[in-house]
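Me: Hi! Could you pull up the model so we can chat through its charged side chains?

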Amino acid sequence: MTLPVAIVTGGSSGIGEALVQHLISLGWKVIVADLQPPKMSSSDLLYIRTDISSWDQQFDLFKRAYDWGKRLDFVALNAAADDRDSIFRNLSHDINSPPLKPDTRCFSVNNIGTYYGLKLAAHYMTIPSQEGGKPKTGGKIVITSSGGGLFPIPAIPQYTASKHALVGLVRALAKNPDSLAANICINAVCPAIVDTPGLPPGLVSKLPPDQITPMSTIMKCFDACADLAEVGNQDWVERGRTGETVEGNVHEMIWHTPPQRPHGGNSKFERETGVLAVADAYKSKAS
């Protein structure tokens with residue numbers, strides 16, 4: 001029997017590492033994309049060093065992953081970067097000392113890199129593969145956003161903005177007629193504070209234990225978004241969630257719905273005719 005195949009970006013530590021272990025325990029073959037190699041080894045694991053902010057490196061990642069697994073079923077776009085710049089912290093108050101070009105790697109990784117992954121995942125998921133035992137096309141994508149993608153975190157505005165953008169991207173893209181026709185489900189997981197190496201040193205020790213979300217809660221969120229244990233079922237994709245956002249907060253999974261426009265307004269955009277008109281107008285602009 002051919003095993004289902006997954007790619008996990010940022011899979012060598014933290015949430016990504018836990019997800020890789022979870023997938024392998026469920027019988028998946030997993031490709032880990034990270035700047036550092038994973039600690040674990042398995043015949044069902046392939047590591048490919050990847051900076052996801054590079055299109056060329058991600059292009060190579062997906063090609064090599066497909067060559068290895070002969071199919072692609074699930075992609076976790078999990079790699080992330082935090083703030084690398086401050087707007088107000090280092091103001092010079094001197095007309096002769098203007099600011100330097102800001103470091104925007106946070107956006108390059110979290111937004112541009114994630115978008116690259118979406119584009120490539122859509123391509124490889126929609127290739128039928130008799131050799132890989134996948135005659136029916138489609139798949140599932142889960143993007144790791146953050147609690148900071150739902151609520152502002154003043155200490156890290158770059159990260160907050162980038163993670164808010166991912167929630168908006170999931171909500172819009174998953175309901176796009178093109179993604180629905182491609183048989184691809186897209187959802188977002190928004191972890192609260194989880195004890196991972198990506199947190200600043202000493203932060204977890206300053207917080208009450210009941211404010212730390214266990215990794216098991218986040219794995220439940222991934223399972224709820226992608227039904228990872230049920231990939232062998234024929235209707236795995238069709239009966240799954242899409243366009244949804246779940247927050248993993250301590251022991252709870254909290255599902256967040258998009259904000260609604262106020263009733264009684266005159267906005268034509270909220271009417272079905274307006275939505276269809278906008279979709280038709282933009283159709284020819286996207287490649």
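Reply: Sure! Let's begin with R64 and D60, which both lie in helix α2, four residues apart, about one turn of the helix. Helices here are DSSP runs of H or I with at least four residues, strands are runs of E with at least two, and both are numbered from the N terminus.

Me: Before we go on, what kind of model is this?

Reply: This is a predicted model, where local features need pLDDT of at least 70, side-chain atom pairs count only at pLDDT 80 or more, and totals for chains, interfaces and linings use all residues. Residues are numbered from 1 along each chain as its sequence is written, and side-chain values use heavy atoms, with hydrogens and water left out.

Me: Thanks! What does R64 form with D60, and how far apart are the closest N and O atoms?

Reply: A salt bridge, with the closest N and O atoms 3.5 Å apart. The term means a side-chain nitrogen of Lys or Arg within 4 Å of a carboxyl oxygen of Asp or Glu.

Me: Are those two buried or exposed?

Reply: R64 counts as partly exposed, at 40% relative accessibility, and D60 is partly exposed too, at 35%. Buried means under 20% relative accessible area, exposed over 50%, and partly exposed is in between (1.4 Å probe, protein chains only).

Me: And which residue does K63 pair with?

Reply: K63 forms a salt bridge with D67, the closest N and O atoms being 3.2 Å apart. Because they are four residues apart in helix α2, about one helical turn separates K63 and D67.

Me: How many salt bridges does the structure hold?

Reply: Eleven. One of them joins the side chains of K136 and E238, at 2.4 Å from N to O. K136 lies in the loop between α3 (105-125) and β5 (139-144) and E238 in the loop between α6 (215-226) and β7 (245-249), so this pair ties together parts that are 102 residues apart in sequence.

Me: Which residues are linked in a network?

Reply: E230, D235 and R239 are linked by salt bridges.

Me: New topic: where does D51 lie?

Reply: D51 is in the loop between β3 (45-49) and α2 (55-69). D51 is buried, with a relative accessible area of 17%.

Me: What does D51 touch?

Reply: Leaving out residues up to four places away in sequence, D51 touches L35, Q57 and R105, where contact means heavy atoms within 4.5 Å.
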